[in-house]
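Trainee: Could you take me closely through the surroundings of one residue in a core, and then show me how the sheets and helices around cores are put together? I would like the cut-offs spelled out as you go.

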Amino acid sequence: MLARHLMTTVVAVATTLSLGGGVLAQDAPTVTIIAHENPGDAELFERIEAGMAEAGTPVNIELVGLPSSGYADALSLRLLSGEIPDIIYFQGADAEFANQGILEDLRPWIEQSSYIKDAMWAHNEARMENYPYLLYIFPARTKSAVVRSDWLEQSGLQAPTNLDEWTAFLTEMSQSDFDDNGEADTFGILAPDNTAELDAIFNQSFGVSSTWLEDENGELIHARVSDAERDKLAYYQMLYAEGILDPEYVTSNWEVKEDKFYSGRVAVIMGTAGPVVEIYRTKMAEANPGADLALLDPPDGLEAVNVAKEDRGYAIHAMSENKEAAFAVLDFLASPEGQFIDRMGVEGEHYTRDGDTFEILPAMGGWYPRFWTANPEYWTPPVALLSDVAQGSLEQGAEYFVADNAFVWPADLAPSVDAAEQYYRTSVFRFVSGEWSMDQWDQYVEGWYASGGQAMTDHARTVLP
C-alpha cells in the first residue's frame, strides 16, 4: 500500500513539475533562505514552490546564495550586519548565534510536523535533543575510502581488511606510476588540510574509540592525550617518512585532493558516504573514461559519530515573522513530494520518465540534494539514485556506526576549546612530519593541558559519568 501511494505521489508531483513554476504566488508568504549558491538552484526553488502550491501550502522563496569558499565567515558577517533571513544554512559558527537566542528551538515544530519527525535518522534525533537549533536530515557523515578499481587490480593485492593489510596495500600503491609520468611517485593516501580524514578510518585501529577515554587509573581523559592517540600518530609519522602519505596534505584543500586523485598522483582518498562518493566516481569517469571506483573497508571500523549536535544544517531565525511558512518549507522537503524534487534533480537532465518507469541519466552523478535525504524506511526514490559503490558507502556507515560521547561546550569554554584544538593540530603536523619525535609526547601532553585542555577535562568530568 505504501509503495503504491509513493509511486502515485511520484507521478503526480512529476506531472506538476512539468507545468513549471516561478510565478509569484498571490497572497503567499515570502520565505528568505541563505545557503550555498549552486548552479540550478533557481530552477530547483521554482520546482519547490510549484510542489508546495500543489500541496496547498504556497510560498514564495527568495534565495540568498553565498559562495562555498569561505562560506562560514561570509555568513557570520552577513548575520552580524543584521541581515537575518528566515531560514539559515550553517556550516559552522552557529553556536554563537544560538547562544544569543537568535535561533529557534525546533523541537516543538518537529513534534507537530507532518513529515520531518518520520524522516529523521536516529543520530538526527539524538542531536536534536542535545542541540535543538540545527536540523540536517542526512545519513551520518561518515567517511569511506575509495580507490580506482583498475589500480586495485594492478596492485595484485586483495582489498585490505586489517591494519597490516592496509599498510602493505598503501605501500604498494605508493610504489606505482598511476600518473603515467615514468616514475613510481604516486602517493598511497591523502587527507586534506589535516589528519581528520585519516582518523575517520584509522582511529578504531589504535583504540581511539571515542572523544573521551579512561586512562590506566580510570580517570577520564581526552583521546588526544591518550596512549592510543600517541600510537596512531606514530603510525602516521611512519606513513609520512616512507612516502606513503602525501607530504603536501597540510597545504592541500579538498579541490587539490580531488585533482590529485583524478590525475593519479594519489591512490586512496576518503569521501563522505553517499552523494560525495558518487560525485568522486562521476568525476573520475569524466577525467578517465571507463574508470570506476572500488570501496575499501576500514581496518577496524569507522570513527565514532558525534551526536552532540549537527555540524551543519538548517536553522530558523527566532525573530522571523514567517516561522510557520519557513518550517512549512522544511517540512515539505521531507514529504514524498519534496524528497522527489530535492533528490531526483531535473527531468530530462538527471532522469527520464515513461509512465511509472524512471531511468537515471549520467548527469545524476553530479546532482545532490540541497536539503534532506530521508531515512529509507520512510521514503525511497522510485529508482536507485546511487551507484553500488556510493550506496555501499552509506551501508558501510550504518554497519560501523558507533555513537561518540562528545558534548556541546558552554560558551565560556570556547577560548579553551579553540586554543587546545589549535595546539593539537599544530603539534600533529610536527609529529607526523618528523619535526618532533614521539619521545616528545609528554611535552606535547603538558602543552595541550596548558593550552586549554585542563579546563576542558575539568568540565568533562562534571558532565560525563
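Mentor: V268 touches A145, V146, V147, W166, F169, L170, G188, I189, L190 and L296, where touching means heavy atoms within 4.5 Å and residues up to four places away in sequence are not counted. This is a predicted model, in which local features need pLDDT of at least 70 and side-chain atom pairs count only at pLDDT 80 or more, while totals for chains, interfaces and linings use all residues. Residues are numbered from 1 along each chain as its sequence is written, and side-chain values use heavy atoms, with hydrogens and water left out.

V268 is one of the residues with the most contacts inside the largest nonpolar core, alongside V147, I189, F202, F261 and Y444, and this core has 62 residues. A nonpolar core is here a set of buried Ala, Val, Leu, Ile, Met, Phe, Trp, Tyr and Cys residues joined through side-chain atoms within 4.5 Å, and buried means under 20% relative accessible area (exposed is over 50%, partly exposed lies in between; 1.4 Å probe, protein chains only). A second core, separate from the one just described, has 58 residues, among them Y71, I102, A315 and L385.

Turning to secondary structure, four strands form an open sheet with mixed pairing in the order β5-β8-β4-β9. Strands (E, at least two residues) and helices (H or I, at least four) are DSSP runs numbered from the N terminus, and two strands pair if DSSP finds at least two bridges between them. At the edges of this sheet lie β5 (187-189) and β9 (293-296), each of which pairs on one side only, and neighbouring strands are turned against each other by 30° on average, direction ignored. Strand β4 (residues 143-148) is joined to strand β8 (residues 266-272) by five bridges in the antiparallel sense, and V146 has I269 in β8 as its bridge partner.

Two helices lie across this sheet. Helix α9 (residues 163-173) covers β4, β5, β8 and β9 and runs at about 125° to β8, whereas helix α12 (residues 254-262) lies across β4, β8 and β9 at about 135° to β8. Such angles run from 0 to 180 degrees between N-to-C directions, with axes fitted as lines to C-alpha atoms, for helices over the stretch in contact.

A further open sheet of four strands, again with mixed pairing, follows the order β2-β1-β3-β10. Its edge strands, β2 (60-66) and β10 (313-316), each pair on one side only, and its twist averages 20° from one strand to the next. Strand β3 (residues 87-90) and β10 run antiparallel and are joined by four bridges, with I87 standing opposite I316 in β10.

Helix α2 (residues 41-54) packs on the sheet by touching β1 (30-36) and β2, and its direction makes about 155° with that of β2. Helix α14 (residues 323-332) also packs on the sheet, touching β1, β2, β3 and β10, and its direction makes about 160° with that of β10. Seven of the 10 residues of α14 are buried, so this helix is largely enclosed by the rest of the structure. Those buried residues are A325, A326, F327, V329, L330, D331 and F332.
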